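Please open the structure in a viewer and keep the sequence at hand. The stops below are arranged so that each selection leads to the next.

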Amino acid sequence: MQAVMETLASLGGKPIETLSAQEARQQPTPADAVMKLMRDNNIPTPPVTADTMSRMVMPGVKVRIYTPRNATGTLPVVVYYHGGGWVIANLDTYDASVRGLVEKTGAIFVSVAYRQGPEHKYPTAHNDSFAAYQWVLKNAASFKGDPQKVAVVGESAGGGLAATVSMMARDKKVMLPKHEVLVYPIAGYDLNTPSYQKYAQAKPLNKPMMAWFFENYLRGAADGKSPMISLVNANLKGLPPTTIITAEIDPLMSDGSMLADKLKAAGVPTKYQNYDGVTHEFFGMAAVVPQAGQAQDLAAAELKKALQ
């Protein structure tokens, strides 16, 4: 993990909170650092075990469908929401996470390119995410997916999006996901939780960046208090069984652990696992960070059990 952070620093990125959204999207990412570290140390790239294709859900929103190679028959489907604070990052930034889970679950993954702020403010990313979920339910059969076996997974901002997709499905009487995996989700609007205080200057995510994400995506403070952003204060009853994964060195650690407690209190079967010694964004780094492989194994095991 230390090597990844040192490599990221060596790529010379500027502090995101000092940039415009357009500039921030051009900065080196933790994924870039992992790739450089692998090249520098001759670590082989994992073999490609999934084929991809793109589909349009609606104008401005596309998905990338990952299908396990040599798969036969209909397969369960997982709708995946990437991170980046609803502002930066894209499908490529989180490709390693998705490919790792495709390989470990044998499911089809549908990775959603929702629209981002500040060009598209709240609740655009949330509505796009739910639209993509409904699109999958309607169209799963067209790409050999089973519309009766669908789960959701998200990282960071995407973890929050995955949870709100489940909430919207519940409220709109749409089929619920069979399971949700929320990896260090943004689950609150309080920037003074214990982990925000302890890891205010952490890398690659810090407190000033989180404030910048909120500023670029939300229309104002009132949006931050909405149940779609402040999941820890939302009605969580009736949500699908949930797995929450957090990282120790991460301002969002408290968000995830509080959300796990609130879900359990609401009667939702919830498994919570924090990984020590790792930072935000570790989940997709299985090629170089052992805990990432462990976290992916946990997520995959829970998904497989739910999607049997």
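The tour begins with the sheet, continues through the helices and loops around it, and ends with the nonpolar cores. The model is predicted.

**The sheet**

Begin by colouring the strands. Eight of them form an open sheet in the order β1-β2-β4-β3-β5-β6-β7-β8, and the pairing is mixed. Next, select residues 50-58 (β1) and 270-279 (β8): these strands stand at the edges with a single partner strand each, so each has one side without a neighbour in the sheet. From one strand to the next, the twist averages 20°.

Move to β3 (residues 75-81) and β4 (residues 108-113), which pair in the parallel sense over five bridges. Selecting Val79 shows it opposite Val110 in β4.

**Helices on the sheet**

Now add α5 (residues 124-139). This helix packs on the sheet and touches β1, β2 (61-68), β3, β4 and β5 (145-155). The direction of α5 makes about 115° with that of β1. Helix α6 also packs on the sheet, where it touches β3, β5 and β6 (180-183); its direction makes about 140° with that of β5.

With β5 and β6 displayed, the two strands can be seen to run parallel, joined by four bridges. Gly154 has Leu182 of β6 as its bridge partner. Is β6 covered on one face or on both? Show its side chains: Glu180 and Leu182 lie on one side, Val181 and Val183 on the other, and all are buried, which leaves both faces covered.

**Helices α4 and α11**

Select α4 (95-105). Its buried residues are Asp95, Ser97, Val98, Gly100, Leu101, Val102 and Thr105. Which elements cover them? The cover includes strands β1, β2, β3, β4 and β5, together with helix α11. Just after α4, Gly106 takes a positive phi of about 70°.

Continue to α11, residues 290-306. Its 17 residues reach 25 Å from the first C-alpha to the last, close to the 24 Å expected at 1.5 Å a residue. Ala292, Gly293, Ala295, Gln296, Leu298, Ala299, Ala300, Glu302 and Leu303 are the buried residues of α11.

**Loops with particular backbone geometry**

Go to Pro123, in the loop between β4 and α5. The peptide bond leading to it from Tyr122 is cis, with omega near 5°. A cis peptide bond also joins Lys203 and Pro204, with omega about 0°; Pro204 is in the loop between α7 (194-198) and α8 (207-217).

Next, select Trp86, in the loop between β3 and α4. Its phi is near 60°, a positive value in a residue other than glycine. Is Trp86 buried or exposed? Its relative accessibility is 3%, so Trp86 counts as buried, the cut-off being under 20%.

Ser156 lies in the loop between β5 and α6. Ser156 is not a glycine, yet has a positive phi of about 60°, and with a relative accessible area of 4% it is buried.

Turn then to Gly60, in the loop between β1 and β2. At 49% relative accessibility, Gly60 counts as partly exposed. Leaving out residues up to four places away in sequence, Gly60 touches Ala113 and Arg115. The C-alpha atoms of Gly60 and Arg115 are separated by 6.8 Å, although the two residues are 55 residues apart along the chain.

**The nonpolar cores**

In soluble globular proteins, nonpolar side chains tend to be buried together. In this model, the largest nonpolar core has 66 residues, and those touching the most other members are Tyr81, Trp86, Tyr133, Phe143, Met210, Phe214 and Leu259. Helix α6 (residues 157-171) supplies the largest share of this core, eight residues. Another core, of 37 residues, lies apart from it and includes Met38, Ala50, Ile245 and Val278.

Centre the view on Tyr81. Neighbours within four places in sequence aside, Tyr81 is in contact with Val112, Ser129, Tyr133, Val152, Val153, Gly154, Glu155, Gly158, Leu161, Ala162 and Val165.

**The annotated span**

Finally, select residues 78-283, which UniProt lists, in an unreviewed entry, as "domain: Alpha/beta hydrolase fold-3". The end C-alpha atoms of this span lie 17 Å apart, and its content is 36% helix and 21% strand.

Conventions. Residues are numbered from 1 along each chain as its sequence is written. This is a predicted model: local features need pLDDT of at least 70, side-chain atom pairs count only at pLDDT 80 or more; totals for chains, interfaces and linings use all residues. Side-chain values use heavy atoms; hydrogens and water are left out. The expected span of a helix is 1.5 Å times one less than its number of residues. Buried means under 20% relative accessible area, exposed over 50%, partly exposed in between (1.4 Å probe, protein chains only). A nonpolar core is a set of buried Ala, Val, Leu, Ile, Met, Phe, Trp, Tyr and Cys residues joined through side-chain atoms within 4.5 Å. Contact means heavy atoms within 4.5 Å. Two strands pair if DSSP finds at least two bridges between them. Axes are lines fitted to C-alpha atoms, for helices over the stretch in contact, and angles run from 0 to 180 degrees between N-to-C directions. UniProt positions are given in the numbering used here, feature names are shortened, and annotations may be inferred rather than shown by experiment.
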